[in-house]
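Here are some exercises to work through with the structure open beside you. Try each task yourself before you read its solution.

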Amino acid sequence: MNKKIDVEKIEACFREILIALGDNPDREGLKETPARVAKMYAETFEGMQYTNDEIAEMFSTTFEEDIFSEDNKGIVVVRDIPIFSYCEHHLALMYNMEVTVAYLPKVKVAGLSKLARVADMVGRRLQLQERIGEEIAEIVQKITESDAVAVLIHGEHSCMTARGIKKPGSSTTTITYKGTLLDNDPVFKQEFLTLMK
């Protein structure tokens, strides 16, 4: 896929937005603003250039271990990974987001920093919080080949806190489960959730 972000077009469009807002994009304080915004957008939305498969490939370094068995189900939990994203409905910032990723290794163990990198890259798209959890879980499952992956996200949305209903301090929590073990074993699913909180 590898879609390239068109920085020049973003710059030209943002210049037009400044005019539509009634300001002068040629005045001293705004001369460089369209270029700065375009550069910021290229960084902020970097994840839009890649498919989930490509992100999985980017961060696919794993360690093969044979310490896990039916009798030794050791769950890996990486908690409170900070990310940010932008809501696709208003391009409003989703902030104070903390992602917790948990999975049950079979043979492949992912480097812990790779899980944080996956969460960060998925956030760098126009998003919904629910989709962020789904996409992180899908990518982690591709990397680890695990039968049990869960993603818990807490976040605040400026489309609720700074505009619209304007309720500062309100937060949203989502949880995503993927894998046959979590689908078929409610006790194991509850253990996952307990460890993630």
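**Exercise 1. Rate the exposure of an aromatic pair.** Is Tyr41 buried, partly exposed or exposed?

*Solution.* Step 1: recall the scale, in which buried means under 20% relative accessible area, exposed over 50%, and partly exposed in between (1.4 Å probe, protein chains only). Step 2: Tyr41 has a relative accessible area of 23%, so the residue is partly exposed. Step 3: Phe45 has 8%, so this residue counts as buried.

Before going on, a word on the source: this is a predicted model, in which local features need pLDDT of at least 70 and side-chain atom pairs count only at pLDDT 80 or more, while totals for chains, interfaces and linings use all residues. Residues are numbered from 1 along each chain as its sequence is written, and side-chain values use heavy atoms, with hydrogens and water left out.

**Exercise 2. Classify the ring pair.** Are the rings of Tyr41 and Phe45 stacked, tilted or edge-to-face?

*Solution.* Step 1: rings of Phe, Tyr and Trp (its six-membered ring) pair if their centres lie within 6.5 Å; planes under 30 degrees apart count as stacked, over 60 as edge-to-face and the rest as tilted. Step 2: the two centres are 5.4 Å apart and the planes meet at 85°, so Tyr41 and Phe45 form an edge-to-face pair. Step 3: look around this pair, and you will find that ring pairs link Tyr41, Phe45, Phe84 and Tyr86 into a cluster. The whole structure has 4 aromatic pairs.

**Exercise 3. Check the length of a helix.** What span should α5 have, and what does the model show?

*Solution.* Step 1: helices (H or I, at least four residues) and strands (E, at least two) are DSSP runs, numbered from the N terminus. Step 2: the expected span of a helix is 1.5 Å times one less than its number of residues. Step 3: α5 has 16 residues and should span 22 Å. Step 4: its end C-alpha atoms are 23 Å apart, which agrees. Just after α5 comes Glu145, whose phi is positive, near 60°.

**Exercise 4. Trace a salt-bridge network.** Which residues are linked with Lys142 in a network of salt bridges?

*Solution.* Step 1: a salt bridge is a side-chain nitrogen of Lys or Arg within 4 Å of a carboxyl oxygen of Asp or Glu. Step 2: Lys142 and Asp53 form one, with their closest N and O atoms 2.8 Å apart. This pair links distant parts of the chain, since Lys142 is in helix α5 and Asp53 in helix α3, 89 residues apart. Step 3: Glu138 and Lys142 also meet in a salt bridge (4.0 Å, N to O). These two both lie in helix α5, 4 residues apart, about one turn of the helix. Step 4: put together, Asp53, Glu138 and Lys142 make up the network.

**Exercise 5. Place a strand among its neighbours.** Why can strand β6 be called largely enclosed by the rest of the structure?

*Solution.* Step 1: 8 of the 9 residues of β6 (residues 149–157) are buried, so the strand is largely enclosed. Step 2: two strands pair if DSSP finds at least two bridges between them. Step 3: β6 pairs with β3 (residues 93–103) in the antiparallel sense over 8 bridges, and Val99 stands opposite Ile153 there. Step 4: β6 also runs antiparallel to β7 (residues 172–178), joined by 7 bridges, with Gly155 opposite Thr172.
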